[in-house]
Amino acid sequence: MGEPGSEIIESVPPAGPEASESTTDENEDDIQFVSEGLSRPVLEYTDLVCGDDEKPTTYHSNILFPKMPKRQGDFLHFLKVKKVKTDTESNEVSKNHCGLSKAKEPDFKYIEQPVIEEIPSCSSKEEIDNLVLPDCWNEKQAFMFTEQYKWLEIKEGKLGCKDCSTVRHLGSKAEKHVHVSKEWIAYLVTPNGSNKTTRQASLRKKIREHDVSKAHGKIQDLLKESANDSISNLVHKQNNKNIDATVKVFNTVYSLVKHNRPLSDIEGAMELQEKNGEVNCLNTRYSATRIAEHIAKEMKMKIFTNIIEENAKICIIIDEASTVSKKSTLVIYLQCTIQSASAPVMLFVALKELVSTTAEYIINTLLTTLNDCGFTDDYLKANLIAFCSDGANTILGRKSGVTTKLLENFPEIIIWNCLNHRLQLSLDDSISEIKQINHLKIFLDKIYSVYHQPNKNQTKLLGTVAKELETEIIKIGRVMGPKWAACRLQAATAIWHAYPVLYVHFSHSYSGLAKRLANINFLQDLGLMIDILEEFSVLSTALQSRSTNIQKAQKLIKCTIRALENLKIRTGKYESQIEDLIKSDKFKDIPFNKNNKFNALPRNILLDNIIQHMNLRLLSERNHDESIFDYLDLLEPSTWPYEEITSPWIAGEKKLFHLCEILKYEVDLNDFREFVNNNIKSNNVSIPPTIQKARKIVSTIAINSAEAERGFNLMNIICTRVRNSLTIDHVSDLMTINLLGKELADWDATPFVKSWSNCHHRLATDTRVRQKSTKVFHENQLAIWNLQ
């Protein structure tokens, strides 16, 4: 029989997964079994003999372990087996180069070949030495478990599964109630318990449960199937059918958003697709809302990441308005320069609700939104060159406005008030200084109030007015109200075209207004105002163009001032028509006269005031006590004083230094000298690269907030009274897709579907989603179809 110890070794059962699992680090002394070179079967047998729930069942175990707890019993058993083995073996245990013990094969014929676990290289042990381990493990325990479970990884003292983290989703192998653990994916598994022994047992249990879990097994199957393919394409190749079905849903949602349709329309669209044989489960407005949110988020992430990586210079444009639900909102745009675009690119950033309209809250909302999009404070300090908004006191206040607080953080930026608003203010200031204009303003406001009362223009007037004039009367608005010049011109022109019809109507209902219309001074004033507004409208429309930069705007303003100066010398187009209109058959029913009670406007004084205010408000914008144009003109040869220029141009080079600070871009001095010399000799010359980029950065400075106004128009289209339940964040997402997204024919939904899948959202073929309720027809409705 041999020595007693040999019977123990001889009766060891074969190693298996269950036995292996039950021996994973009962305590720190368990490591000795591996380090001393003992085979896995000996470890397994000791666990079987001395388990927590079992009593010793063999004669030898009763002798060796009389009433001894498991931990101590295992240690004595180890000593006994070690002694048996030492007495019988003739070879000494040798150490390998990694410092771990490795036993040579025994010489006994009756002992089975031990199963020696593969000992990893020194590099693996060095990696474990550098890790932050769980507080209940030491390096030897971590080493043993990571070797036994090849999928196990340790990061920052927490456990995770590298296989699950790589694949992340089961794809086509997904089943009901089978999910990949988010904790194992994100390396968040930690031990539970109040003492070391309990925490060790907790980790063993979690490792074992994850190893035998169904989801982990499916992950292993996917990895085996992907032996000849990269992991990144594994899930998507397994899910071609699922992804194709989800792409169709994404295209449907995208089309609804681009056409400003309610997302509830997806139910009808999906019903039609099901009728045509396409079955999917993402068919509710809740799913459509989540999909729209995901598309908007991915769009912003991709676009803004590219801008940040290119280190592009940016200009911020903001405006404030109210929604249909009377909530104050802040719309944020940015204009930037990128190398691949010849002109600046205007991008919608976000629509944010304003709980408070104070300057401090607005600036906090603005900076927080930009930070969320990836524009850190350091990036803004290095690349933010301008800020543009309308003329609201909250934003442009000198003591506590948004711009004042913005300059505290970014002192070198250009603060620019919207030129279209300044143009409007210059006209308002000029009119307010002329007292005689009040008669015209009172009359126009009276017309507005009369024709915008409920049912007035629908029941009484429009029935008697000629068809071709109905639209013009509806257009009548407050000519002196808070509207841009183009809107004012439209309202004033509507009165001009409807003049005879208005007199006929007022002669029956409003005799006082009819007398004003019969006054020739009123008609002359109206003609003069239309001529002035026409010049303002041409300038306003040009300033709103996306291709107009700050230097071109300056030229357009000067051109309009010259046109108004010419208007002082000779009459305009509408003024010159007055005499012919009075004599025409169209105006024959109006008994024109001159009423001294309503004097005509002081024509030349009004024009002088307008020109003066335009010079003050539009051309004298100052930055650091000098006009910003003095610096920007360095890049525009047409403005140079050639008679004063010498080579090198010393005065220009001094200004160039300040221009580089304004643009936050270094223009090469040699390029500037070459640019100056070439323009002195010839007009058609090549522009050096740094000069080209500097000119492109100058065009980044937004001159108006017209784009913000367009954004509010889109907001009003999306957020109608029928859809007023939309939150501001939802409206912002829909605006993002509408303004930044490509046309449906050019848009590829596949990348968005893949990122949707990677975020653990369900695909269109997933049967675990909630099914929509089907419409039940009353039996009487179906009865007519059952007629024979």
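Which residue takes a positive phi in the hairpin of E3 and E4? In this predicted model, the residue concerned is Glu156, whose phi lies near 55°, and the hairpin in which Glu156 is found has two residues between its strands. The strands themselves, E3 (residues 152–155) and E4 (residues 158–161), run antiparallel and are joined by four bridges. One of the pairings places Lys155 opposite Lys158, its bridge partner in E4.

The hairpin belongs to a protein chain of 788 residues, 47% of which count as buried. In terms of secondary structure, the chain contains 39 helices and eleven strands. When contacts between residues at least 6 apart in sequence are considered, 71% of them join residues that are at least 24 apart. The area that the chain exposes amounts to about 41200 Å², and 50% of this area is supplied by carbon and sulfur atoms.

Among the helices, H16 (residues 285–310) packs with H38 (residues 750–758) at an angle of about 110°, and the axes of the two helices are 10 Å apart. Because angles of 65 to 115 degrees count as roughly perpendicular, H16 is described as roughly perpendicular to H38. On the side of H16, the contact is made by Arg290, Ile291, His294, Ile295, Glu298 and Met299, while H38 contributes Phe752, Ser755 and Trp756. Sorted by class, the residues in this contact of H16 with H38 comprise five that are nonpolar, two that are polar and two that are charged.

Terms used. Residues are numbered from 1 along each chain as its sequence is written. This is a predicted model: local features need pLDDT of at least 70, side-chain atom pairs count only at pLDDT 80 or more; totals for chains, interfaces and linings use all residues. Side-chain values use heavy atoms; hydrogens and water are left out. Axes are lines fitted to C-alpha atoms, for helices over the stretch in contact, and angles run from 0 to 180 degrees between N-to-C directions. Angles under 35 degrees count as roughly parallel, over 145 as roughly antiparallel, 65 to 115 as roughly perpendicular and the rest as oblique. Contact means heavy atoms within 4.5 Å. Ala, Val, Leu, Ile, Met, Phe, Trp, Tyr, Cys and Pro count as nonpolar, Asp, Glu, Lys and Arg as charged, and the others, Gly among them, as polar. Buried means under 20% relative accessible area, exposed over 50%, partly exposed in between (1.4 Å probe, protein chains only). Accessible areas come from the Shrake-Rupley method with a 1.4 Å probe; for residues, only the protein chains shown count as cover. Two strands pair if DSSP finds at least two bridges between them.
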